[in-house]
Every structure is written in C-alpha cells, then in structure tokens.
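Trainee: Could we go through this model one question at a time? Please show me the sequence and the structure.

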Amino acid sequence: MSEPFQAMILHREDKRTIPSIESIDESRLPDGEVVVDVAYSSLNYKDALAVTGKGKVVRSFPIVPGIDLAGTVVSSTDPSFRPGDPVLATGWGLGETTWGGFAQRARLKAGWLVPIPSRLDAKRAMAVGTAGLTAMLCVMRLEAAGLTAEQGPVVVTGAGGGVGSLAAAILAEGGYRVAAVTGRPELGDSLRALGVETIVPRSEMETTHRPLESQRWAGGIDAVGGRILARVLAETHYGGCVASCGLAASPEMTGTVLPFILRNVSLLGVESVVTPFETRREAWDRIARVLAPETLDRLTRSVSLSEVSKLAEEVLAGRVHGRIVVDPSG
Ligand code: NDP
C-alpha cells in the first residue's frame, strides 16, 4: 500500500466545478502500466477552462486536472520503462477524460510517455509543456510545407501567452525573423529578449481589413483565431503558410477564401493531443536542442496547487505571460 499523496480533484455539483486539494491513495488512480511520481505539471489554457468550469473540457467527474506532467517512473509493468526513468506526458486526454498531472502521483498508459530529453529536467520539460510542444509542432508543420527562414518574416499571434512566447523563441533560435502580435505593449522588452524583431499591436490586427492586404508574412503561427487569423491570412505572401493551433480570441474565423485561391496560401491545422509518438519524440528532441535553459527559466514561474484556481482566472483573462509550472508537492 503506497503512502497517501496530494492531488487537486475537480468535483461537479449543481452545474458548478469545484476544485479541492485532497489526500488520496494510489487505489484511486486510473488503470495504466506505469506509475509516475509527478515532479511538475503546468497550467495551460485548457487547464484553466477545466479548473474554472468555464469550458467543457472535463468529460467525467471527479477528475485530477492537468493536461501534462513530468516526473520519475515508480513502477512499470511495461518493459519499456524502469523505476527511476525520467518521463513526460502531454495530451491523450489527461485532465479531460483521465486523471492528469495536478497530483503527486499518476498512473498512465506506457504509450503516452516520452523520455525527458537529457538536456531538459522535469521542471524545464513542463516549462515547455503542451504549449511548447504545440509551438514546435507548428514550426515542423510549416517547414514540412516548405517554409524557410530566408523567405521572410513569420508572424506569431497571442505572443505573450505560452504557445506564442515559445513559438517566437523557437523561430528566433532557428534564424527566422519574428513579428509578435500582442495586446500587451508592456511585454515588448520581454518578447525582444526572446529574439522577436517586430512588435505588432493586437489592435492593428483586429481592425477591418480587405480580403487581400499587402503581403507581409512568409508564414504565421496563430494561437487566437477569429479576426486576427483572417487578417494574418490576408497578409501572407503568395505561396506562404499559416499554422492554426488555438482559439484564445475566438473559434470562428471571419475571412474570405481569396488568400487561398488567389495567393496559394495554405492554412495548416495543428493539434497536440493525439500526435503519434515518433512525431512527439522528434519535436521534444528538437525543443531540447533549440531552446536555451535560460530562455525557459526566464519565461517560467512555479506555483503550488493552492494557487492554481486563482491563476486559472488570470490565464483566461489573458493576463499571464509565458509559462506557469505547477509543483504538486508545493
Ligand atoms: P495563454 O493563455 O498562455 O495565451 C493566450 C494568448 O492569446 C494571451 O496571452 C494573449 O496574448 C492572447 N489573447 C488572449 N485573449 C485574446 C483575445 N480576446 N484576442 C486576441 N488575443 C488574445 O494560452 P496558451 O498559449 O497556452 O494557448 C493558446 C491557445 O492555443 C489556446 O486557445 C489553447 O487552447 C490552444 N492550444 C491548442 C493546442 C493544440 O493542440 N492545438 C495545444 C495547446 C494550446 P497577448 O496578450 O500577447 O495578446
């Protein structure tokens, strides 16, 4: 019988989501081949929706939220993992359909785990987390479609957030000229420190635009959707490509098809939840190679489980910059 451990559990009562921090034991954990001591999780946009109950993220209550986690294998019935192995997991329904990372211990399917690359530790792996994996998947998708640094500037929207900040940093490290769209001019210095060349005020991208605007961007990574994505497409070079991965502004997209049919622009969808293992491993290896530890540390703050609920409101209000790692033992 294992020692009890600390977990955040979401309950649903009278159509309200109620988070509570409880002491539970391993028998409560879902089935799986691998038990992991969770060193860190992270607070993503989707976690904020789950914890506040403001989005239909959680499919069955009670649940431990946290769509990603990193830590050490305690035991495994799968021969791919041994006690002591450093591992991480993102997506696969963690914190949505099965218990996630906001607990000191988790039990998961072996196929969901990726070894933590040797250049990262558990804390930095979660500084990257789902947001950074998604950012890297966007870059890989754009490059597979032919984008190179020589073609011109790449625009990143929602640049102050987790996906946006890490996308900007990855692109800049890869030699791309990066333009960052942000609604927070006060983040200018911080974004420039990541290698961003141009700050574009969000208000400029929200204004009504013509179906085709002057061609400014060789490519784009969009975390916000809505009018801003439509404008990015209208401003993309002939033959350019844009990766859409988020909806922080809106799930709708109000634009025309003219960028596609007159400029050969491509819109590429990116999801990180069920991305196959080999693609994940390639993305994590590249993340570990390109993102300097100091960059990750500068973008990250660490919080305890008791701080998560309040911060979730801040995330949804767009007031958080960079990444929040969650220490379930804190
Ligand atoms: P964050 O909350 O960290 O960042 C979102 C950023 O979007 C904010 O910091 C803000 O940037 C900008 N923003 C917020 N509200 C608005 C608005 N109304 N209009 C325009 N811009 C806005 O979230 P993440 O970076 O973690 O996630 C971003 C999006 O990507 C979310 O929609 C999330 O669900 C999605 N996502 C998708 C994944 C996938 O697999 N496809 C995986 C991970 C995330 P600023 O202040 O700089 O303008």
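**Charged pairs, the ligand and the surface**

Trainee: Which residue forms a salt bridge with arginine 210?
Mentor: A salt bridge is a side-chain nitrogen of Lys or Arg within 4 Å of a carboxyl oxygen of Asp or Glu. Here the closest N and O atoms are 3.1 Å apart. The partner of arginine 210 is glutamate 213.

Trainee: Which atoms do the side-chain values use?
Mentor: This is a predicted model, in which local features need pLDDT of at least 70 and side-chain atom pairs count only at pLDDT 80 or more, while totals for chains, interfaces and linings use all residues. Residues are numbered from 1 along each chain as its sequence is written, and side-chain values leave out hydrogens and water and use heavy atoms.

Trainee: Is glutamate 213 buried or exposed?
Mentor: Buried means under 20% relative accessible area, exposed over 50%, and partly exposed in between (1.4 Å probe, protein chains only). Arginine 210 has 52%, so it counts as exposed. Glutamate 213 has 12%, so it counts as buried.

Trainee: Which residues are joined into one network by salt bridges that share partners?
Mentor: Arginine 231 and glutamate 235 form a salt bridge, with their closest N and O atoms 2.9 Å apart. Both are buried, arginine 231 at 10% and glutamate 235 at 2%. Through shared partners, one network joins Glu204, Arg210, Glu213, Arg216, Arg231 and Glu235.

Trainee: How many residues apart in sequence are the parts that glutamate 197 and arginine 177 tie together?
Mentor: Side chains of opposite charge can pair when their charged atoms come close. The side chains of glutamate 197 and arginine 177 meet in a salt bridge of 3.2 Å, N to O. Glutamate 197 lies in the loop between helix 4 and strand 10, and arginine 177 in the loop between helix 3 and strand 9, so the parts tied together are apart in sequence by 20 residues.

Trainee: What is the distance of the polar contact between the side chains of arginine 105 and aspartate 37?
Mentor: A polar contact is a pair of N or O atoms within 3.5 Å; within protein, one must be able to donate a hydrogen and the other to accept it, and residues adjacent in sequence count only if both atoms are side-chain atoms. Arginine 105 is buried, with a relative accessible area of 16%. Its side chain contacts that of aspartate 37 at 3.1 Å.

Trainee: How far is a polar side-chain atom of threonine 182 from an oxygen atom of the ligand?
Mentor: The ligand is surrounded by 25 residues (a heavy atom within 4 Å), and threonine 182 is one of the closest. A nitrogen atom of the ligand is 2.9 Å from a polar backbone atom of cysteine 245. For the side chain of threonine 182 and the ligand oxygen, the distance is 2.6 Å.

Trainee: Which residues form a nonpolar patch on the surface?
Mentor: Such patches take residues with over 30% relative accessible area and no salt bridge; like charges are joined within 9 Å, and nonpolar side chains (Val, Leu, Ile, Met, Phe, Trp, Tyr) within 5 Å. Isoleucine 261 has a relative accessible area of 60%, so it counts as exposed. With about 310 Å² of accessible area together (Shrake-Rupley method, 1.4 Å probe, only the protein chains shown counting as cover), the patch is formed by Val257, Ile261 and Leu262.

Note on methods. Helices (H or I, at least four residues) and strands (E, at least two) are DSSP runs, numbered from the N terminus.
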